[in-house]
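User: Please take a close look at the salt bridges, and then at the strands and helices that go with this chain. I'm a first-year student and would like each term spelled out as you go.

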Amino acid sequence: MTTLYSRVPTSITADSSTDVLSGSSQQLPMIVNSKTFTDTLNSLPDTSEWIIDVETNGLNPYNMNQICGIGLVPLNYKGAEAYYFPFRHQSEEPNLTQAELNELVAFINDKCDTIIGYNVKFDSKFLDNEGINIDKMKLVDVLVMVRMTESTIINRLSLTDTIIRSYGETAGAYDVETKKVLKKNKWFKDFSLAPPSVLGPYCIKDVHWTHKVYNDRLAQLEASKQLELFEFQCDLTKTLYMMERRGVVIDNKYANIAYKKTITRIEVLKNRIYDLVGYEFNISSTKQLGETFNSMGIHSALRTAKGAEAWNEEALVRLNSPLAGLVRQYRALEKIRSTYIEPYLELPVLHTSFNNWGTVTGRLSSSSPNLQNIPRDTVYVEDRHLSESDKEDVKGRVAAIVSSKGGNASTELTDDVLNTWSFLGGDKFNPQDTRQIAIRNLFIPRDDYKMIAYDYSQMEVRVFMNYVNNEEMNELMKQDNVDFHGEAAKIAFNITEDDPQFKFYRQLAKSITFGVIYGIGKDKLAMQLNTTPELAADYKKTYLENMKGSKRFFNSVVKTIKTEGRVRNKYGRVYRVPSEFGYKGVNYLIQGTSADIMSERMVAVAKYLKDKQSNLLLQVHDEIICEVHKDEVDEVAPKVKELMKENSLNIPLEVDMEVCYPSWATKTDFEDMNKFNLIDNIDWD
């Protein structure tokens with residue numbers, strides 16, 4: 001199903017509709033009422049595969065939002081068996097009763113073993129709330145099929161976008177026209193306000209078009225030899241659904257403590273900024289901020305696309321100015337307050353959405369919230385005295401911020417400016433330090449459970465080396481605790497570990513390795529290395545020539561894309577890439593293969609945990625987090641690590657296993673926990 005913001009019907013009467021697929025004026029079964037309900041239910045075909053679309057009065061199935069109607073069409077329909085069952089419309093037009101809803105639920109539970117939908121996990125959560133046994137059903141997401149068969153340059157994947165792109169604007173006109181009706185009548189945020197005569201035909205067209213897209217994309221998957229991979233994606237969709245439904249517990253007490261500390265600190269910063277400037281202004285206004293800096297004789301070295309002075313994070317980091325540091329701190333804490341703390345003050349359990357269609361490569365994304373963006377570092381909300389060691393640490397963090405933006409931190413920051421950046425903490429959260437807050441400290445295990453994190457070590461580098469197929473690196477991958485960047489430096493630049501320049505060449509090899517993986521050009525690489533583009537290009541050339549297999553791999557990818565317009569990763573996932581973007585193919589293969597390994601392992605872990613009390617909980621970057629029951633720790637924890645290291649490609653992988661106690665923010669090596677018997681001694685009550 002599509003989101004409320006991307007689906008909509010034409011102005012159709014409640015009694016008839018034009019067949020949207022053929023253009024004929026064929027009469028379609030439409031809205032079921034109490035008089036026709038029994039006959040309709042008895043006439044439904046005896047099939048186990050159904051396309052289902054739900055209409056709802058909101059987007060949150062965990063917060064009292066409900067279904068107001070269900071659209072059904074059998075997968076093997078002949079063009080007419082499509083129905084809309086209205087239940088909770090707030091209009092004068094009749095709804096079906098709760099008893100009739102119960103009968104429909106019983107029918108689906110009895111007959112259906114496969115639900116097909118567009119963004120099917122969304123629909124499934126609402127269906128589950130009505131009593132439909134999603135646990136026993138296969139979930140087929142047509143949205144995933146679209147992602148797997150579209151070009152890499154396509155990022156608008158809603159049902160309507162897909163219909164228009166594939167079949168023309170006329171085909172998607174029903175969506176545009178109904179959207180106008182819904183907006184005009186202020187029904188857009190709560191679809192139950194719309195009468196069945198408006199929403200029913202719309203839902204029917206959604207299920208018809210989902211059916212059409214399903215069949216067409218299934219043929220494309222078969223032609224591109226991706227059917228096996230898609231079947232696996234169906235298993236992944238079900239795994240993600242179970243993770244989302246379980247959700248992670250939020251520590252509301254800590255959220256409120258962190259909120260108060262953040263608010264207090266923001267007020268302190270605001271007053272300091274005003275005292276420094278001499279007057280009050282809107283700190284959040286880029287225009288007013290720029291004018292304030294200019295009035296103090298300070299100008300940004302960076303420019304916006306339109307040529308104006310830029311005052312973003314990277315620009316502020318480059319300035320040796322206390323005002324820049326205070327503004328950066330103010331902005332950071334404002335974002336933390338509004339984005340990462342305020343929404344969770346009273347939320348008991350967070351149910352994010354994991355998307356196996358959200359990226360071109362196949363890597364999972366998440367939304368509502370985006371867990372990939374949850375800060376892992378601590379933040380200081382009180383002043384602290386910086387030791388010489390602390391100063392070097394802060395300088396390193398400032399440089400990392402600039403580097404992450406593609407820049408180079410060449411400005412020397414004085415002590416008074418460094419003090420304004422002292423709010424930047426590391427990823428080691430100390431719950432006893434009241435000056436610190438950590439967003440990951442909001443996420444805690446349930447009673448009688450322990451959160452255990454499994455993090456792949458240098459996963460993408462290992463996948464890259466597997467593609468390069470360099471004998472030396474292949475042997476090294478079989479060993480434990482290998483420093484791949486150091487070994488790459490030795491091979492690529494013919495240098496030994498005792499050389500005074502080894503640290504430089506190790507960083508050089510690391511930058512080039514990731515530069516190749518992520519497809520960055522010589523200019524960006526030069527900024528990261530603090531050198532000229534010409535010298536950066538020479539370093540990269542030397543690396544590719546001496547790291548046997550890397551140049552061949554890179555050139556073969558570009559050539560394949562140029563001649564065939566596509567490239568295929570080790571799991572068979574196809575990336576359709578325009579020839580001018582051939583250099584991106586290496587990134588697609590490495591990130592995509594890494595993503596498919598992660599997905600394969602998540603499904604394996606989920607199957608292992610199916611009959612246990614423990615659960616797969618979260619996936620972020622190269623890490624999964626499980627919630628392991630206290631009675632299963634000794635058995636489950638090491639078994640999950642073993643499953644994570646295995647993979648059908650037989651790439652040697654290393655996995656770090658850590659206990660997140662008392663929260664996601666505080667990690668301890670699992671073996672250390674066992675060594676001191678801390679797991680057994682934890683007061684689970």
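Analyst: **Salt bridges and their surroundings**

Let's start with K121, which is buried at a relative accessible area of 2%. Buried here means under 20% relative accessible area; over 50% is exposed, and anything in between is partly exposed (1.4 Å probe, protein chains only). Before going on, a word on what you're looking at: this is a predicted model, where local features need pLDDT of at least 70, side-chain atom pairs count only at pLDDT 80 or more, and totals for chains, interfaces and linings use all residues. Residues are numbered from 1 along each chain as its sequence is written, and side-chain values use heavy atoms, with hydrogens and water left out.

Who does K121 pair up with? Its partner in a salt bridge is E244, and the closest N and O atoms are 2.6 Å apart. K121 sits in helix 3 (residues 120-129) and E244 in helix 8 (residues 227-246), so this pair ties together parts that are 123 residues apart in sequence. A salt bridge, by the rule used here, is a side-chain nitrogen of Lys or Arg within 4 Å of a carboxyl oxygen of Asp or Glu. Helices and strands are DSSP runs numbered from the N terminus: H or I over at least four residues for a helix, E over at least two for a strand.

E244 has a second partner to show you. K125 and E244 also meet through their side chains in a salt bridge, at 2.5 Å from N to O. That pair links distant parts of the chain too, with K125 in helix 3 and E244 in helix 8, 119 residues apart. Both K125 and E244 are buried, and for E244 the relative accessibility is 1%.

Now for another salt bridge. R363 and D622 meet through their side chains, with N and O 3.6 Å apart. R363 is in the loop between strand 8 (353-355) and strand 9 (365-367), while D622 is in the loop between strand 16 (615-620) and strand 17 (623-629), so the pair ties together parts that are 259 residues apart in sequence. Both ends count as buried: R363 has a relative accessible area of 18%, and D622 is at 19%. Elsewhere, D46, D110 and K111 are joined into one network by salt bridges that share partners. Searching the whole structure turns up 41 salt bridges.

D622 leads us to the strands on either side of its loop. Strand 16 and strand 17 form a hairpin with two residues between them, and H621 in the turn has a positive phi of about 55 degrees. The two strands pair in the antiparallel sense over five bridges; two strands count as paired if DSSP finds at least two bridges between them. One of the matches is V620 with E623 in strand 17.

Strand 17 has another neighbour: strand 13 (residues 449-456) is joined to it by seven bridges, and the two run antiparallel. There, Y449 has H629 as its bridge partner in strand 17. Is strand 17 mostly covered or uncovered? It is mostly covered, as seven of its seven residues are buried. E623, I625, E627 and H629 point one way, whereas I624, C626 and V628 point the other way.

Next, an open sheet. Its five strands follow the order 3-2-1-4-5, with mixed pairing. Strand 3 (83-86) and strand 5 (138-141) are at the edges with a single partner strand each, so one side of each has no neighbour in the sheet. From one strand to the next, the twist averages 30 degrees. Strand 5 runs parallel to strand 4 (residues 114-117), joined by four bridges, and G117 is matched with D141 in strand 5.

Finally, a pair of helices. Helix 9 (residues 252-277) and helix 12 (residues 322-341) pack at an angle of about 155 degrees, their axes 9 Å apart. That makes helix 9 roughly antiparallel to helix 12. Angles under 35 degrees count as roughly parallel, over 145 as roughly antiparallel, 65 to 115 as roughly perpendicular, and the rest as oblique. Axes are lines fitted to C-alpha atoms, for helices over the stretch in contact, with angles from 0 to 180 degrees between N-to-C directions.
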